[in-house]
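Here is a short report on a pocket and two residues of interest. Keep the structure open while reading.

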Amino acid sequence: MKPSPLAVDVAEVEALFDSIPDVLFFIKDREGRYTHVNATMLRRLGLRSRRDIIGKRASEVYPSGLGANYGLQDRQVLEGAVIDNLLELHLFSDQEPGWCLTCKRPLRVDGQVAGLIGISRDLAGREGLEADYRSLREALVHMNRHYAENIRVQDLLAITGFSESKLERTFQKVFQLSPLQLLTRVRIQAAMHRLHGPGSIAAIAQACGFSDQSAFTRRFVAMVGMTPGEYRRLRAG
């Protein structure tokens, strides 16, 4: 016999996530405004009360570059998309950036999208992966600082001291991406920040380590779902 559906008290779910310090939890309405957040998010943002964030959008509580990217994600999810294990930068309690895996899903009421629910898990705090993450931290820092350059797998091997097979296995285990896939994601995220400002798309492609504008556009469309020009016009609007 099929069990009857349960009516879930969202406040109880919020309280449950309050007890998990390395996970951000949030629910947003159809307009992308926060309706529920956990204590970890308040701490990261330096806020004392949920009243300081409820009713606001990501663009109102995060720095412009991060807020714009989160807002774009929200619009995609509110149109029905699902985001699973997206590697992205977050601000930690000391205001230093850290890497997280983000999942977002639309919330439906009577078949219609009424909002979204999401979590972001700290990579450094994932149970059983702390040592693996630490072993890759310097490689990740190197990628983030030198993404515009010709980073080779050999460079990462020298930093970690791993064999090539171990490097691939560890990246897949921690980030669920290969080293080169992760490097492409870092470059695309850097390009998204640059597209908020002036500069030609060709110049931004070169500044972010892509060989030419067409290669950049193909990668951007595959990851973001629109061309760099469409993304820039969306931000301008």
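Contact means heavy atoms within 4.5 Å. The model is predicted: local features need pLDDT of at least 70, side-chain atom pairs count only at pLDDT 80 or more, and totals for chains, interfaces and linings use all residues. Residues are numbered from 1 along each chain as its sequence is written, and side-chain values use heavy atoms, without hydrogens and water.

Start with R187. R187 sits in helix α8. Helices are DSSP runs (H or I, at least four residues), and strands too (E, at least two), numbered from the N terminus. R187 is buried (under 20% relative accessible area, 1.4 Å probe, protein chains only). R187 has no salt bridge (a side-chain nitrogen of Lys or Arg within 4 Å of a carboxyl oxygen of Asp or Glu). The nearest side chain of opposite charge is E149, 8.5 Å away. Lys and Arg count as positive, Asp and Glu as negative; His and the chain ends are not counted.

T160 belongs to helix α6 (residues 153-160). T160 is buried because its relative accessible area is 15%. The C-alpha atoms of T160 and R137 are 8.9 Å apart, with their positions 23 residues apart along the chain counted as separation.

Contacts beyond four places in sequence:

| Residue | Contacts (heavy atoms within 4.5 Å) |
|---|---|
| R187 | Y147, E149, I151, C208, G209 and F210 |
| T160 | S135, L136, A139 and L167 |

Technical notes:
Buried means under 20% relative accessible area, exposed over 50%, partly exposed in between (1.4 Å probe, protein chains only).
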